[in-house]
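Got the viewer open? Let's take a short walk, one selection at a time.

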Amino acid sequence: MTKRRSRGDGGLHWDESRQRWIASLTVGYTPAGKRIVKKASGKTKTAAKEKLKEIIRDYEDGLAIAPSDYTVERAVIDWLTYGLTGRDPRTVESYRILCDKHVIPALGKRKLRDLSAEDVDRWLADKARTLSTRTLQIIRSCLNRSVKRAMARDKVKRNVVELCAVPAGKAGRPSKALTYVQATAILTASEGSRMHAYVVVSLLTGARTEELRALTWDHVDLEGTPDAASPVPPHVAVWRSVRAGGDTKTRKSRRTLALPRRCVDVLRLHRDEQRREQGDMWRPDGLVFASAAGTPLDASNVRRAFRNVVRDVPGLDPAQWTPRELRHSFVSLLSDNGIPLEEISRLVGHSSTAVTEAIYRKQIRPVLQAGAVAMDRIFEGGSEP
């Protein structure tokens, strides 16, 4: 007589129509009270028993509802679909492109429960041959967050991605800055173009491109209050950006910058020209840098127009320069003229001088000369007998 299996041990039976042994286990009940049964099959009774053991082990580990065919691809797609609520659509699209290109083709067919730390290590090492370290960090983060979300929903027992470090990738495109001569040539080349005011303000204030594209005329004061007890110079309030929600990159990025005289003159001419172009459509709270119709510029508009300006400067390759390097040039020119790092950090809206040094390392004057200059002045002409 066949011994009856104990409650919780599942069941095994032969299916004549399928010619296979079927393993089954009740793992819970729906809200309506219907049983949830997990099943697996095998050609032999031993194979079916092994699969039943896996079902029981998953049940004891709290993974009973996880489908056995749940893959890395499904985890990534679930995260992209449901795990990025409230994020900027451009951020979501960027993550989707990276996952479609780098994560899913390499790891997508792997069952999530079978994904190992060695799989992830090999994948990252392979990608390190062609991707920058920053891109490696992003694609690892996408995979990590996908698996973490799946783990929170009992699809997998642990997140092996957290065990894997990001290797060093290819060096990214080095940041660079215009010399004084090149900066002057850029300013001259931009005269007469729609980019002139943008180039002047970007180079002479160091504002980010996403901050300038969101700048409105009601945040620009071209007169100031010179007769006040504490005179206020012409200034621009960098309080917004084109980021999600309109916030600046960091809290300290929200700043008010005095405008150099050249910026004031150029912005006055730019405002008059914009009023003529837009006519009755012009608004005092409208965008400072916009299309002829007053609509916002996107990053590609600005990049293309800036490279058209660079094309007219001898010795500069337009393909090697982007608008953000006007900001790098701002830092470089200030540093070359002895402005302290702390002041530069405040002007560009960094949270600390460490950020300024890390991002603009090549633009910061490497040799600190103040001490030597001071000592030369103190001991000028002096020598020990």
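Start by selecting Cys263: this is a predicted model, and here Cys263 counts as buried, at 0% relative accessibility.

Next, pick Cys99. This cysteine is buried too, with a relative accessible area of 0%. Now add Cys142 and show the sulfurs. Which cysteine sulfur is closest to that of Cys99? The one in Cys142, at 4.0 Å, which is too far for a bond. A disulfide would need the two sulfur atoms within 2.5 Å. The count for the model comes to zero disulfides.

Leave the cysteines and switch to cartoon view. Select 220-221, 235-238 and 255-258: these are β4, β5 and β6. Together they make an open sheet of three strands in the order β4-β5-β6, with antiparallel pairing. β4 and β6 are the edge strands, each pairing on one side only.

Zoom in on β5 and β6, where four bridges join the strands in the antiparallel sense. To follow the register, click His235, which stands opposite Ala258 in β6. Then click Val236: its bridge partner in β6 is Leu257.

Finally, turn on side chains along β6. In a regular strand the side chains alternate between the two faces of the sheet. Which side chains of β6 are buried, and which are not? Arg255 and Leu257 point to one face and are buried. Thr256 and Ala258 point to the other face and are not buried. Colour the two pairs separately and look along the strand to see the alternation in β6.

Methods:
Residues numbered from 1 in each chain as written. Predicted model: local features only at pLDDT ≥ 70, side-chain atom pairs only at ≥ 80, totals over all residues. Heavy atoms only, no water. Pairing = 2+ DSSP bridges. Buried < 20%, exposed > 50% of the residue type's maximum accessible area, 1.4 Å probe, protein only.
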